[in-house]
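Here is a short briefing on one protein chain. Keep the model open while you read.

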Amino acid sequence: MLRWLVAVLSHSCFISKGDSMFYAVRRGRRAGVYRTWAECQEQVNKFPSASFKKFATEKDAWAFVRAGLPGRERLPEPTEGAPSFPAVTQESSSQREEAEINIVCCNTCKRPYEQSTDEEHVAKRVKHEELYSAPTVSEDKFSYMGDFAVVYTDGCCSGNGRNRARAGIGVYWGPGHPLNTSERLPGRQTNQRAEIHAACKAIEQAKSQNIKKLIIYTDSKFTINGITSWVDNWKTNGWRTSSGGSVINKEDFERLDNLSKGIEIQWMHVPGHAGFQGNEEADRLAREGASKQKC
């Protein structure tokens, strides 16, 4: 039966090549939303009782995935007019480099919308950037996907760009985990710095526990793109952007780049404020951190 479904889906994908389809995997090696049939097939081929489906919109695809999440991970159906999830796209050379963004924050300390600069740069594709899968918890209290430990990070800043801005970082390893972190961001108070330093904190903690492989879930595409794509070009160009300007977050990305050495990291994007427990907990910790006094 599974082979028949795979064959049918494969044929359907072939004849509709070029359409912007979304492949939702509810049950497979790694649940999530994929943009190509090849990526979807990797997750479901020969997987017992695989559950997957093709959709014309990403909103419907994520709804299909969410319906299969257990317990607290399950999300309600989206209401009419609710914001859709970020698009799962393959980034092209014409896309914009995200330099420091002036973010107007709401009272929950997160960004309702972003005003980006006109800085242009080549952005490589973040592999599997929109995947989500519930990890398994091991005896050592860390959650794992295969042999990768899993952590969620988030940063926030109330009053971003203003004199009285308050930023915090959140690192979430699991319910009641001793390494869960909620701290005020030192130095310049911005949302971008908070996102980067939350990831730095998680890597430092992982290394302290002798973790060699780590999956970092974050809702910050800026952080993911910066460390996986832009940082190499910045270093080559003397920490100058493609337009010749200075990289605003140079010191922050230098720290993240140095910490990333000696550990294998998979950067994973998860939709923010979409009800995924790990991301929601990291967000809560970040907001708590922003309310603390600076060190």
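Contact here means heavy atoms within 4.5 Å. Axes are lines fitted to C-alpha atoms, for helices over the stretch in contact, and angles run from 0 to 180 degrees between N-to-C directions. With those terms, helix α3 (residues 58-66) lies across β1, β2 and β3, and runs at about 5° to β1. The model is predicted.

**Overall make-up**
- Seven helices and twelve strands are found in the protein chain.
- The chain has 295 residues, and 51% of them are buried.
- Take the contacts between residues at least 6 apart in sequence: 68% of these join residues at least 24 apart.
- The accessible surface is about 14500 Å². Carbon and sulfur atoms account for 49% of that surface.

**The three-stranded sheet**
- Strands of a sheet pair through backbone hydrogen bonds, either parallel or antiparallel.
- One open sheet has three strands in the order β2-β1-β3, and the pairing is antiparallel.
- β2 (32-34) and β3 (51-55) are the edge strands, each pairing on one side only.
- On average, neighbouring strands of this sheet are turned by 25° against each other, direction ignored.
- Strand β1 (residues 22-27) and β2 run antiparallel and are joined by three bridges.
- Ala-24 has Val-33 in β2 as its bridge partner.

**Helices on that sheet**
- Helix α2 (residues 37-44) lies across β1, β2 and β3, running at about 10° to β1.
- Helix α3 lies across β1, β2 and β3 as well, at about 5° to β1.

**Helix α7**
- Helix α7 covers residues 277-290, which is 14 residues.
- At 1.5 Å a residue, α7 should span 20 Å. Its end C-alpha atoms are 20 Å apart, so the expected and modelled spans agree.
- The buried residues of α7 include Gln-277, Asn-279, Asp-283 and Leu-285. Glycine and alanine are also on the list, among them Gly-278, Ala-282, Ala-286, Gly-289 and Ala-290.
- Which strands help cover the buried residues of α7? The cover includes β8 (148-158), β9 (166-172) and β10 (181-184).

**Cysteines**
- How many disulfides does a search of the whole structure find? The search finds zero.
- Cys-40 has 1% relative accessibility, so this residue counts as buried.
- Cys-200 counts as buried because its relative accessibility is 0%.
- The cut-off behind both calls is under 20% relative accessible area.

Terms used: Residues are numbered from 1 along each chain as its sequence is written. This is a predicted model: local features need pLDDT of at least 70, side-chain atom pairs count only at pLDDT 80 or more; totals for chains, interfaces and linings use all residues. Side-chain values use heavy atoms; hydrogens and water are left out. Helices (H or I, at least four residues) and strands (E, at least two) are DSSP runs, numbered from the N terminus. Buried means under 20% relative accessible area, exposed over 50%, partly exposed in between (1.4 Å probe, protein chains only). Accessible areas come from the Shrake-Rupley method with a 1.4 Å probe; for residues, only the protein chains shown count as cover. The expected span of a helix is 1.5 Å times one less than its number of residues. Two strands pair if DSSP finds at least two bridges between them. A disulfide is a pair of cysteine sulfur atoms within 2.5 Å.
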